[in-house]
Amino acid sequence: MYPLLLKAHLALLLISLLSFALRTFWAIKGSEYINNEAFFKIHKVLNLILILSGFALCVTINQYPFFDAWVTDQFVLLFAYVGFAMLAFQPKINLKVRQFCIAVTMVFFVTIFYIAKTKVALFI
(Lines give C-alpha, C1' and ligand atoms only; values in the text may rest on other atoms or scores of the structure.)
Protein backbone atom coordinates (compact mmCIF):
# COMPACT_ATOMS: atom_id res chain seq x y z
CA MET A 1 0.00 0.00 0.00
CA TYR A 2 2.87 2.38 0.79
CA PRO A 3 4.20 2.69 -2.80
CA LEU A 4 0.72 3.53 -4.12
CA LEU A 5 0.10 6.11 -1.38
CA LEU A 6 3.51 7.66 -1.93
CA LYS A 7 2.96 7.99 -5.69
CA ALA A 8 -0.49 9.48 -5.14
CA HIS A 9 0.92 11.93 -2.58
CA LEU A 10 3.75 12.98 -4.91
CA ALA A 11 1.29 13.42 -7.80
CA LEU A 12 -0.94 15.59 -5.60
CA LEU A 13 2.10 17.57 -4.54
CA LEU A 14 3.05 18.23 -8.16
CA ILE A 15 -0.51 19.21 -9.09
CA SER A 16 -0.69 21.50 -6.06
CA LEU A 17 2.58 23.17 -7.04
CA LEU A 18 1.38 23.64 -10.62
CA SER A 19 -1.91 25.05 -9.35
CA PHE A 20 0.02 27.44 -7.12
CA ALA A 21 2.25 28.49 -10.02
CA LEU A 22 -0.75 29.13 -12.26
CA ARG A 23 -2.52 31.15 -9.56
CA THR A 24 0.71 33.08 -8.96
CA PHE A 25 0.91 33.93 -12.65
CA TRP A 26 -2.70 35.11 -12.66
CA ALA A 27 -2.18 37.14 -9.49
CA ILE A 28 0.91 38.95 -10.73
CA LYS A 29 -0.64 39.64 -14.14
CA GLY A 30 -3.83 40.94 -12.53
CA SER A 31 -5.98 38.40 -14.33
CA GLU A 32 -9.65 38.05 -13.43
CA TYR A 33 -9.12 34.30 -13.08
CA ILE A 34 -7.52 34.94 -9.67
CA ASN A 35 -10.94 36.04 -8.37
CA ASN A 36 -12.73 33.00 -9.81
CA GLU A 37 -14.35 31.16 -6.91
CA ALA A 38 -14.24 27.78 -8.68
CA PHE A 39 -10.43 27.88 -9.09
CA PHE A 40 -10.07 28.90 -5.43
CA LYS A 41 -12.23 25.99 -4.27
CA ILE A 42 -10.37 23.52 -6.49
CA HIS A 43 -7.06 24.66 -5.00
CA LYS A 44 -8.44 24.32 -1.43
CA VAL A 45 -9.82 20.83 -2.09
CA LEU A 46 -6.53 19.80 -3.69
CA ASN A 47 -4.59 20.96 -0.63
CA LEU A 48 -7.03 19.19 1.69
CA ILE A 49 -6.56 15.92 -0.21
CA LEU A 50 -2.79 16.48 -0.10
CA ILE A 51 -2.93 16.84 3.70
CA LEU A 52 -5.10 13.74 4.03
CA SER A 53 -2.71 11.73 1.87
CA GLY A 54 0.11 12.90 4.14
CA PHE A 55 -1.79 11.61 7.17
CA ALA A 56 -2.37 8.31 5.35
CA LEU A 57 1.38 8.02 4.73
CA CYS A 58 2.05 8.71 8.41
CA VAL A 59 -0.24 5.87 9.42
CA THR A 60 1.36 3.58 6.86
CA ILE A 61 4.92 4.19 8.11
CA ASN A 62 3.92 4.48 11.80
CA GLN A 63 5.40 7.95 12.23
CA TYR A 64 3.13 10.69 13.51
CA PRO A 65 3.12 14.45 14.08
CA PHE A 66 4.03 15.42 17.65
CA PHE A 67 5.80 12.06 18.12
CA ASP A 68 8.34 12.21 15.28
CA ALA A 69 10.04 15.58 14.89
CA TRP A 70 10.51 15.52 11.12
CA VAL A 71 6.81 14.71 10.57
CA THR A 72 5.83 17.51 12.95
CA ASP A 73 8.01 19.92 10.95
CA GLN A 74 6.33 18.72 7.74
CA PHE A 75 2.80 19.35 8.99
CA VAL A 76 3.55 22.70 10.62
CA LEU A 77 5.22 23.89 7.42
CA LEU A 78 2.42 22.45 5.28
CA PHE A 79 -0.22 24.41 7.19
CA ALA A 80 1.95 27.53 6.97
CA TYR A 81 2.34 26.90 3.21
CA VAL A 82 -1.43 26.65 2.77
CA GLY A 83 -2.03 29.73 4.92
CA PHE A 84 0.46 31.93 3.08
CA ALA A 85 -0.76 30.65 -0.29
CA MET A 86 -4.32 31.57 0.60
CA LEU A 87 -3.19 34.97 1.85
CA ALA A 88 -1.21 35.58 -1.34
CA PHE A 89 -4.31 35.19 -3.47
CA GLN A 90 -6.66 37.46 -1.59
CA PRO A 91 -8.39 39.70 -4.14
CA LYS A 92 -7.49 43.17 -2.86
CA ILE A 93 -4.01 42.58 -1.51
CA ASN A 94 -1.12 44.93 -2.32
CA LEU A 95 1.26 43.60 -5.03
CA LYS A 96 4.33 43.84 -2.74
CA VAL A 97 2.56 41.92 0.03
CA ARG A 98 1.37 39.37 -2.54
CA GLN A 99 4.92 38.88 -3.84
CA PHE A 100 6.23 38.50 -0.28
CA CYS A 101 3.58 35.87 0.52
CA ILE A 102 4.37 34.00 -2.70
CA ALA A 103 8.10 34.01 -1.90
CA VAL A 104 7.49 32.77 1.66
CA THR A 105 5.19 30.06 0.33
CA MET A 106 7.88 28.85 -2.06
CA VAL A 107 10.47 28.78 0.74
CA PHE A 108 8.05 26.66 2.77
CA PHE A 109 7.54 24.33 -0.20
CA VAL A 110 11.27 23.81 -0.73
CA THR A 111 11.80 23.26 2.99
CA ILE A 112 8.98 20.70 3.12
CA PHE A 113 10.49 18.89 0.16
CA TYR A 114 13.94 18.89 1.77
CA ILE A 115 12.62 17.50 5.05
CA ALA A 116 10.65 14.81 3.20
CA LYS A 117 13.76 13.68 1.34
CA THR A 118 16.13 13.72 4.33
CA LYS A 119 13.65 12.89 7.14
CA VAL A 120 15.60 15.26 9.36
CA ALA A 121 13.78 17.84 11.49
CA LEU A 122 15.02 21.38 10.99
CA PHE A 123 12.98 23.27 13.56
CA ILE A 124 11.83 20.88 16.28
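**Exercise 1. Decide whether Gln74 is buried or exposed, and place it in the structure.**

Solution. Gln74 has 13% relative accessibility and therefore counts as buried, since buried means under 20% relative accessible area, exposed means over 50%, and partly exposed lies in between, with a 1.4 Å probe and protein chains only. The next step is to place the residue: Gln74 is found in helix α3, where helices are DSSP runs of H or I with at least four residues, strands are runs of E with at least two, and both are numbered from the N terminus. The last step is to list neighbours, with contact meaning heavy atoms within 4.5 Å. Leaving out residues up to four places away in sequence, Gln74 touches Ile112, Ile115 and Ala116.

Before going on, note that this is a predicted model, in which local features need pLDDT of at least 70, side-chain atom pairs count only at pLDDT 80 or more, and totals for chains, interfaces and linings use all residues. Residues are numbered from 1 along each chain as its sequence is written, and side-chain values use heavy atoms, with hydrogens and water left out.

**Exercise 2. Describe helix α3: its span, its buried residues and what covers them.**

Solution. Begin with the span, whose expected value is 1.5 Å times one less than the number of residues. Helix α3 runs over residues 69–88, which is 20 residues, and reaches 28 Å from its first C-alpha to its last, close to the 28 Å expected. Then look for buried positions in α3, which include Trp70, Phe75, Leu77, Leu78, Tyr81 and Val82, but also Thr72, Asp73 and Gln74. Finally, ask what lies over them: the cover includes α1 (2–29), α2 (37–61) and α4 (95–118).

**Exercise 3. Find which residues have the most contacts inside the largest nonpolar core, and which helix gives the most to this core.**

Solution. A nonpolar core is a set of buried Ala, Val, Leu, Ile, Met, Phe, Trp, Tyr and Cys residues joined through side-chain atoms within 4.5 Å. The largest such core has 27 residues, and those with the most contacts inside it are Phe20, Phe75, Leu78, Tyr81 and Phe89. Each of α1, α2, α3 and α4 supplies at least two residues of this core, and α3 gives the most, with nine. Taking Phe75 as an example, and not counting residues up to four places away in sequence, its contacts are Ile51, Gly54, Phe55, Cys58 and Pro65. As background, nonpolar side chains in soluble globular proteins tend to be buried together.

**Exercise 4. Describe the largest pocket by its volume and by the classes of residue in its lining.**

Solution. On a 1 Å grid over the protein atoms alone, a pocket is an open set of points with protein on both sides within 12 Å along at least five of seven lines, and lining residues have an atom within 4 Å of a point. The volume of the largest pocket is about 540 Å³, where grid points are joined across faces, edges and corners and the volume is the space filled by probe spheres set on the points. There are 22 lining residues, of which His9, Leu57, Trp70, Gln74 and Ala116 are the closest to the centre. Helices α1, α2, α3 and α4 are the elements that give two or more residues to this lining, and α3 gives the most, with six. By class, the lining has 17 nonpolar, three polar and two charged residues, with Ala, Val, Leu, Ile, Met, Phe, Trp, Tyr, Cys and Pro counted as nonpolar, Asp, Glu, Lys and Arg as charged, and the others, Gly among them, as polar.

**Exercise 5. Follow Thr24 from its place in the chain to its contacts.**

Solution. Thr24 lies in helix α1, a helix of 28 residues whose reach from first to last C-alpha is 40 Å, close to the 40 Å expected. With a relative accessible area of 12%, Thr24 is buried, and the buried residues of α1 pack against α2, α3 and α4. Thr24 touches Phe89 and Ile102, not counting residues up to four places away in sequence. Thr24 and Phe89 are 65 residues apart along the chain, yet their C-alpha atoms are separated by 7.7 Å.

**Exercise 6. Give the phi value of Asn62 and say where Asn62 is placed.**

Solution. Phi of Asn62 is near 60 degrees, which is a positive value in a residue other than glycine. Asn62 is placed in the loop between α2 and α3, and it counts as exposed because its relative accessibility is 54%.

Methods:
1 Å grid on protein atoms, 1.4 Å probe; cavity = no way out; pocket = protein on both sides within 12 Å on 5 of 7 lines; lining within 4 Å.
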